Amino acid sequence: MTGYDAPPMDDVRTAQEVERIFFELRRVIVGQSRLLERLLVCLLSRGHCLLESVPGLAKTLAAETLAKVSGGTFARIQFTPDLLPSDIVGTRIYRGSSERFDVELGPVFVNFLLADEINRAPAKVQSALLEVMAEGQVTIGGHSHKVPQPFFVVATQNPIESEGVYQLPDAQRDRFMMKVVLDHPTVAEELVILDRMSVAPPQPERVMDLSGLVRLQRKCDQVFVDRSVAQYAVDLVHATRDPAAHNLGDLAPSIALGVSPRATLALVRGARAMALVRGRTYTTPQDVFDIAPEVLRHRLLLTYDALARDIAVDDLIHRVLATVPATWVSPKPNG
């Protein structure tokens, strides 16, 4: 072949690896396909995920199953109002026999961490966890200790509780790459849950090790992003800051603050992972479109007037997605 040799457009081997992961996840988890896909996208993007739902919708089971399938270590921390930062990151303990302080590392030193009901812990504990998420390390006694890599945090919060909870500040929610809202299963799915989980729940099998997971993360970094895809992500973000510039002037009274640049980065990183999950080596605007609700919903701040009128943030996001146009992109990298 003469001239420009285009790289392969499809990555069949990676698609098969991802499908094996999904097969094991679906063997344990009934339904919740969007949750499973978004968890894997967050993991491949090196982000963290916030889950919101009422109790009993397999949030803990999904996180633990993903850890087992990927071959990583797992820990669950039940957040309570009396929890201290040292309970999760670790502390120094004096040993009388040796007359010195030893460092006891906390439960955050795992590959997969489930922060269950994170909104039950006070601000200091929430900040300690979010610092680990951002820095990938903790400092105890003046010495830094890095958490294992890869490091993936899944935090859950219960929206129906109003007593003994500390709502995550808006600036701290921004640290999560995605917020996934779960709903109850359908009647058919609940019957399957009853058949599958009531006697001998299935146990997932490990389909890869941590080195394979890291390889997938690095391959995700190499997924091609056309300029038009990046422009679409920027346009979506800018539409939340200046709705009138995108023919959405009627949304301006409802939006107190548009999303931050972290949303732009998360949209592009997530689009790369979504393309990889779908077996492609290039992104399309559809990849950005599909993950936009999870990336934007916890970053978009509504006015008091919008809250008083019970305007849902997802309704505003759907208006933005329906209005902001996406430029058609050719799958062939443009050099």
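**Helix packing, a buried strand and a hairpin**

In this predicted model, residues A263, A266, L267, G270, A271, M274 and A275 of helix α10 meet D287, V288, I291, A292, V295 and L296 of helix α11. Sorted by class, the contact of α10 with α11 comprises eleven nonpolar residues, one polar residue and one charged residue. Helix α10 spans residues 261–277 and helix α11 residues 285–296, and their axes come within 9 Å of each other, crossing at roughly 130°. The angle lies between 115 and 145 degrees, so α10 counts as oblique to α11. The handedness of the crossing between α10 and α11 is right-handed.

Attention turns next to strand β8. This strand, made up of residues 152–157, is mostly covered, with six of its six residues buried. In a regular strand, side chains alternate between the two faces of the sheet. In β8, F152, V154 and T156 point one way, while V153, A155 and Q157 point the other way. Residues on both sides of β8 are buried.

The pairing of β8 with two other strands can be followed residue by residue. Strand β1 (residues 49–52) pairs with β8 in the parallel sense, over four bridges. Here L51 is found opposite T156 of β8. Strand β5 (residues 112–116) also pairs with β8 in the parallel sense, again over four bridges. In that pairing, L114 is set opposite V154 of β8. The two β8 residues named in these pairings, T156 and V154, point one way from the strand together with F152.

An antiparallel arrangement is seen in the hairpin of β3 and β4. Strand β3 covers residues 90–95 and strand β4 residues 100–105, and six bridges join the antiparallel pair. Within it, R92 has V103 of β4 as its bridge partner. Four residues lie between the two strands of this hairpin, where E99 takes a positive phi near 55°.

A final point of interest is R173, a residue of helix α6 (residues 170–173). Is R173 buried or exposed? With a relative accessible area of 11%, which is under the 20% cut-off, R173 counts as buried. Leaving aside residues up to four places away in sequence, R173 touches L50, Q167, L168, H298 and L301. One of these contacts, L50, lies within the span of strand β1, residues 49–52, the strand that pairs with β8 in the parallel sense.

Definitions and conventions:
Residues are numbered from 1 along each chain as its sequence is written. This is a predicted model: local features need pLDDT of at least 70, side-chain atom pairs count only at pLDDT 80 or more; totals for chains, interfaces and linings use all residues. Side-chain values use heavy atoms; hydrogens and water are left out. Two strands pair if DSSP finds at least two bridges between them. Buried means under 20% relative accessible area, exposed over 50%, partly exposed in between (1.4 Å probe, protein chains only). Contact means heavy atoms within 4.5 Å. Axes are lines fitted to C-alpha atoms, for helices over the stretch in contact, and angles run from 0 to 180 degrees between N-to-C directions. Angles under 35 degrees count as roughly parallel, over 145 as roughly antiparallel, 65 to 115 as roughly perpendicular and the rest as oblique. A crossing is left-handed if the near helix is turned anticlockwise from the far one by less than a right angle, and right-handed if clockwise. Ala, Val, Leu, Ile, Met, Phe, Trp, Tyr, Cys and Pro count as nonpolar, Asp, Glu, Lys and Arg as charged, and the others, Gly among them, as polar.
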